[in-house]
Every structure is written in structure tokens, then in C-alpha cells.
Amino acid sequence: MASERTALLPRQTQAHTHSDIPEVTVLSSLAALWQSNKLFNIAALIFVPLGAASARLGWADTWIFALNFCAIIPLAKMLDFSTDQLAMRTGPTIGGLLNATFGNAVELILSVFALREGLLDVVKASIIGSILSNLLLVLGFCFLFGGLIPFVKNKFQKFDVDKANVSTGLLVLTFLGFLVPAVVRVTLEDQTADPSDSVSRVLAISRGIAFVLLLSYVALLVFQLYTNPDGLLVTPRRPHPTNPRLAHSGTHEEGGEEEDEEEEPITLAWMALLSLALTTVVIAFSAEMLVGSVEGLSKEAHISEVFIGIIILPIVGNAAEHVTAISSAMRDKMDLSLQVAVGSALQIALLVAPAIVLSGWAMDKNMDLDFGLFSTAILFVTVLVVNSLIQDGRTHWLEGWMLLAAYFIIAIGFYYIPEKTEIVNVVMSVLASRS
């Protein structure tokens with residue numbers, strides 16, 4: 001291996017090797033941002049203006065949806081590249097945290113605007129849909145493509161099992177925070193004849209739980225950034241079987257273990273961060289126009305409003321995290337993939353959801369954490385499936401298919417939801433706001 005030979009070279013040779021690395025400058029960073037994603041950048045330059053023009057000129061909603069969807073995909077690729085550059089300098093934990101934060105900032109802003117308009121059910125639907133999308137769809141594609149590309153027999157990928165268990169443990173905690181208000185609401189409805197009393201109690205419980213979830217998110221940040229920034233305090237690197245100076249990581253295959261060759265960043269850190277911020281802003285504008293075309297798309301394409309509101313919109317809204325996590329898995333960076341996919345779901349549950357509840361309190365809006373028993377039950381099964389698949393610290397493509405199959409099953413259920421249910425009220429609120 002190249003990394004092993006480098007480690008065994010004399011000091012003089014190592015110094016010469018480092019001097020051969022070209023200096024990263026502003027001009028070289030701009031060139032890298034353009035050349036590394038040239039085709040995607042050209043596509044963004046075409047579809048972003050077209051998407052904006054279609055909404056401005058009042059084109060058919062199907063065209064508005066399609067053009068803005070095509071605009072978000074190349075923008076998500078740029079977000080992926082910028083995040084990868086930052087991760088090379090800061091490590092997968094902070095890199096994944098930055099990506100999840102920038103991706104979820106869009107959802108947080110849109111949720112606040114929807115909350116100001118009184119669309120409480122819209123906000124709840126976006127929260128549940130985003131969690132399901134990240135835990136099942138994104139993680140499923142990560143395991144599937146990471147296990148198949150490149151194809152190797154008996155291949156599996158490894159990741160920090162203790163960090164993964166911390167994440168799944170927090171997911172169980174968030175499920176408990178969502179379950180209590182729903183169960184209390186059902187219990188109070190059976191015991192009291194005054195609906196307003198039930199609403200006020202559930203609201204008070206939700207606000208208390210929101211504070212606990214926010215404190216849990218702060219605790220998670222302390223754990224990731226200070227207590228256990230690289231995972232080595234929980235899962236120490238084990239000595240290499242033939243060379244104790246090397247510790248194993250990366251792809252593990254039967255018959256050998258190898259250390260991945262370290263990549264060097266080709267952009268300045270502040271340039272990558274600026275690219276990350278600007279791309280997120282453009283994605284937010286494109287996503288807003290895309291969401292505004294949903295009503296017309298449903299009528300023109302004869303697609304269920306429930307299916308669009310719960311399944312399709314979260315996929316589009318989280319396109320940045322999707323691209324980053326999947327491409328990282330294909331490069332055998334499973335810790336970064338998990339940090340982006342599961343970390344994004346955790347940010348939605350521990351940060352966005354409680355922040356929206358407290359924002360609603362400040363705006364005098366009755367926003368709570370009661371998502372209904374149906375949605376809460378779906379979330380419970382999702383957490384159960386994900387926990388059962390990642391608890392051993394290794395994965396392969398079949399486990400990816402299991403997660404995707406679970407997402408498809410849930411999608412089928414939402415597709416055939418009857419019209420007079422709690423889920424349909426979400427879409428009806430959206431339609432009412434647009435009329």
C-alpha cells in the first residue's frame with residue numbers, strides 16, 4: 001500500500017513528498033470548484049434560471065416542478081463536493097455535521113414561514129417525512145451502492161459501531177418524545193369531554209419535551225466535538241496484524257485489511273465553506289418554487305396529494321444530503337455517510353422539531369409534537385429496523401435493500417391512505433394556503 005510505504009520511508013523522503021503537494025490558492029480553489037463538477041455546474045447554470053423563469057412567467061406547474069427538480073440535483077452535487085473538501089480538513093464528524101446543518105437550515109426556514117401562516121400540519125408532515133427519508137431511503141442507498149460499487153465478492157463495509165449506537169439510541173429517545181404527546185392525547189380524549197383541555201395539556205407536554213430534546217442535541221454536540229471527536233476514545237484503533245504502526249480502517253474484506261490512501265483537499269477551507277453557504281441559498285429558492293407547484297402537479301399528473309406531500313417533497317428537500325451520503329459511501333467513507341444520513345435525521349428530530357415548537361409558542365401558535373398514532377407507529381418501526389441493521393458495525397448491499405424495501409412499504413401505505421385521515425389534512429392545508 002502507498003500509505004504503508006510512505007510511513008516506512010526516511011524523514012528526508014517524507015519531507016520531499018510533502019513539498020511536491022501543490023499549494024492551494026484562491027485561483028486553484030475556484031478552478032477546482034468548476035472543473036471537479038463541470039457537467040453538474042453547466043446543468044445548474046441552465047436549469048436554475050429556467051426554473052426561476054418558469055415560476056416567474058407562470059408556466060404549467062408540471063414544468064415548474066420538473067425544471068426546479070433538475071436544478072436542485074446539480075446544486076446538491078456542488079454541496080457534496082464542498083462538504084467533502086471540508087471533511088478532509090476537519091474530519092468526517094464535523095464535515096457531516098456541517099452538511100446536515102446546511103441541508104436542514106432550508107427546512108427550518110421554510111417551516112418557520114409555514115408556521116407563521118398557521119400551517120401546523122404542514123410542518124408536522126415535513127418533520128416526519130424528512131426523518132423517514134434520511135433513515136430509510138438515504139441510508140438504504142448508501143448501503144446498497146457502497147456494497148455494490150465497486151463490486152467485490154464477499155465485500156462488506158465497516159464503520160464506528162459505538163458512534164452508530166449513540167445515534168440510534170438518540171433516535172429511540174426522540175421517538176419517546178414524539179410518542180408521549182400522541183398517547184396522552186388519546187388517553188385524555190377517552191377521559192374528558194372537553195377537547196380544549198386535551199389540547200392545552202398536550203401543548204404543555206410538547207413544550208416541556210422540546211426543551212429536553214434541545215438539551216439532548218447540545219449534549220450530542222459536546223460528545224461529537226469535544227468528548228469523542230474522532231471515535232478513538234470509544235473504539236480504539238486495533239494494531240495492524242503485520243505492522244503495529246498501522247491501524248486498520250476502511251473497507252474490510254476477507255483475507256486482508258488495508259488502510260485507505262489519504263486524500264488531500266484541493267480547495268481552501270473558507271472557499272469550500274462559502275461555496276457551501278451560497279449553494280444552500282440557491283437550493284432554498286429552487287425548493288420554494290418547487291413546493292409551490294405541488295398542487296398543480298397533483299392535478300395534472302393525477303398523483304395523490306398525500307404521496308407528494310409525505311414522500312416526494314422530503315426526497316427533493318433533502319437532495320443535498322442524499323447526494324453527499326451516497327457518494328461518500330461509494331468512496332468507502334461510511335462514517336461520513338452515517339454522519340450525514342443519520343445525523344440529518346437527528347438534527348430534524350432534536351433541533352428542528354423542538355425549535356419549531358418553541359417558535360410556535362413565541363408566535364402564539366399551538367404547535368405540538370403530536371404527530372398522530374399512525375405516523376408515530378411508522379417512526380417506531382423505522383427506528384427498530386435501522387437499529388437492527390447497524391448495531392454490528394458492518395454492512396453490505398443486502399441491508400441497503402432491506403431499508404429501501406421498508407421505505408417502499410411505507411410509501412405504498414401513504415399512497416393508499418383514505419381521504420379523511422390525519423395525513424390528508426396536511427395536504428389540504430397546503431392546498432388551502434396556495435388558493
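A residue counts as buried when its relative accessible area is under 20%, as exposed when that area is over 50%, and as partly exposed in between. With a relative accessible area of 31%, cysteine 70 is therefore partly exposed in this predicted model. Cysteine 142 sits on the other side of the cut-off: its relative accessibility is just 1%, so this cysteine counts as buried. As for cysteine pairing, a search through the whole structure turns up 0 disulfides.

Stepping back to the overall picture, the protein has 435 residues, and 47% of them count as buried. Its secondary structure adds up to 17 helices and 4 strands. Among the contacts that link residues at least 6 apart in sequence, 82% bring together residues at least 24 apart. On the outside, the protein exposes about 20700 Å², with carbon and sulfur atoms supplying 66% of that area.

Part of the surface stands out as a nonpolar patch of about 1200 Å². Its members are Trp34, Leu39, Phe40, Ile42, Leu45, Ile46, Leu50, Leu57, Trp59, Trp63, Phe69 and Ile73. Two elements, α4 (38-56) and α5 (61-90), each give two or more residues to this patch. The largest share comes from α4, which puts in 6 residues.

Phenylalanine 69 is one of the patch residues, and helix α5 is where it lies. At 33% relative accessibility, phenylalanine 69 falls between the 20% and 50% cut-offs, so it counts as partly exposed.

Key: Residues are numbered from 1 along each chain as its sequence is written. This is a predicted model: local features need pLDDT of at least 70, side-chain atom pairs count only at pLDDT 80 or more; totals for chains, interfaces and linings use all residues. Side-chain values use heavy atoms; hydrogens and water are left out. Patches are made of residues with over 30% relative accessible area and no salt bridge: like charges are joined within 9 Å, nonpolar side chains (Val, Leu, Ile, Met, Phe, Trp, Tyr) within 5 Å. Accessible areas come from the Shrake-Rupley method with a 1.4 Å probe; for residues, only the protein chains shown count as cover. A salt bridge is a side-chain nitrogen of Lys or Arg within 4 Å of a carboxyl oxygen of Asp or Glu. Buried means under 20% relative accessible area, exposed over 50%, partly exposed in between (1.4 Å probe, protein chains only). A disulfide is a pair of cysteine sulfur atoms within 2.5 Å. Contact means heavy atoms within 4.5 Å.
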